[in-house]
Amino acid sequence: MNGGSSVATRADLSYFAETQHTAAGPFRSYWKSHGGLTQLGFPITEAYMGPSPTNGKNYVQQYFQRARLEYHPEHKGTSFEVQLGLLGAEPLFPNMMGQP
């Protein structure tokens with residue numbers, strides 16, 4: 001992977017060869033403190049800015065095998081800075097999630 005040496009030297013970033021994705025910053029902190037691989041699985045995307053399927057607002061988000069995490073800067077420094085997305089509700093209740 002290009003830039004592999006920089007990945008190895010960043011203390012707040014973990015690279016997972018299994019999925020070729022990283023977890024960094026607040027997402028990595030949340031992942032580590034909330035069960036890591038056992039609870040959330042490997043990251044399956046990089047962090048990206050996009051609309052939340054729950055409310056349509058733009059958040060930095062990252063998908064893991066068993067979770068979608070959202071970064072909420074309005075809660076920076078609190079336990080609500082990173083929040084779990086409502087994965088189970090999204091496909092079951094699309095009208096409640098603001099989707100047609």
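This report describes an aromatic cluster and two buried residues, Glu70 and His72, in a predicted model.

**The aromatic cluster**

A search of the whole structure yields two aromatic pairs. A pair of aromatic rings is described by the distance of the centres and the angle of the planes. The table gives these values for each pair.

| Pair | Centre-to-centre distance | Angle between planes | Arrangement |
|---|---|---|---|
| Phe16 and Trp31 | 5.3 Å | 65 degrees | edge-to-face |
| Phe16 and Phe42 | 5.8 Å | 70 degrees | edge-to-face |

The rings of Phe16 and Trp31 count as edge-to-face because their planes stand at 65 degrees, and an angle over 60 degrees places a pair in that class. This pair links distant parts of the chain: Phe16 belongs to strand β1 (residues 13-16), whereas Trp31 belongs to helix α2 (residues 25-33), and the two are 15 residues apart. Phe16 and Trp31 are both buried.

Phe16 also forms an edge-to-face pair with Phe42. Phe42 is found in the loop between α3 (36-40) and β3 (48-51), while Phe16 lies in strand β1, so this pair ties together parts that are 26 residues apart in sequence. Phe42, like Phe16, is buried. Through these ring pairs, Phe16, Trp31 and Phe42 are linked into a cluster.

**Glu70 in strand β5**

Glu70 is located in strand β5, which spans residues 67-71. Its relative accessible area is 6%; buried means under 20%, and Glu70 is therefore classed as buried. The side chain of Glu70 is joined to that of Ser52 by a polar contact of 2.7 Å. When neighbours within four places in sequence are left aside, the residues in contact with Glu70 are Phe27, Ser52, Tyr59, Val60, Gln61, Glu81, Val82 and Gln83. Ser52 thus appears both as the polar partner of Glu70 and in its list of contacts.

**His72 in the loop after β5**

His72 occupies the loop between β5 and β6 (82-84). With a relative accessibility of 4%, His72 counts as buried. A polar contact of 3.0 Å connects the side chain of His72 with the side chain of Glu74. Not counting residues up to four places away in sequence, His72 touches Tyr59, Phe80, Glu81 and Gln83. Tyr59, Glu81 and Gln83 are also among the residues in contact with Glu70.

Note on methods:
Residues numbered from 1 in each chain as written. Predicted model: local features only at pLDDT ≥ 70, side-chain atom pairs only at ≥ 80, totals over all residues. Heavy atoms only, no water. Helix = DSSP H or I, 4+ residues; strand = E, 2+ residues; numbered from the N terminus. Buried < 20%, exposed > 50% of the residue type's maximum accessible area, 1.4 Å probe, protein only. Polar contact = N/O pair within 3.5 Å; in protein donor to acceptor, adjacent residues only side chain to side chain. Contact = heavy atoms within 4.5 Å. Phe/Tyr/Trp six-rings, centres within 6.5 Å; stacked < 30°, edge-to-face > 60°.
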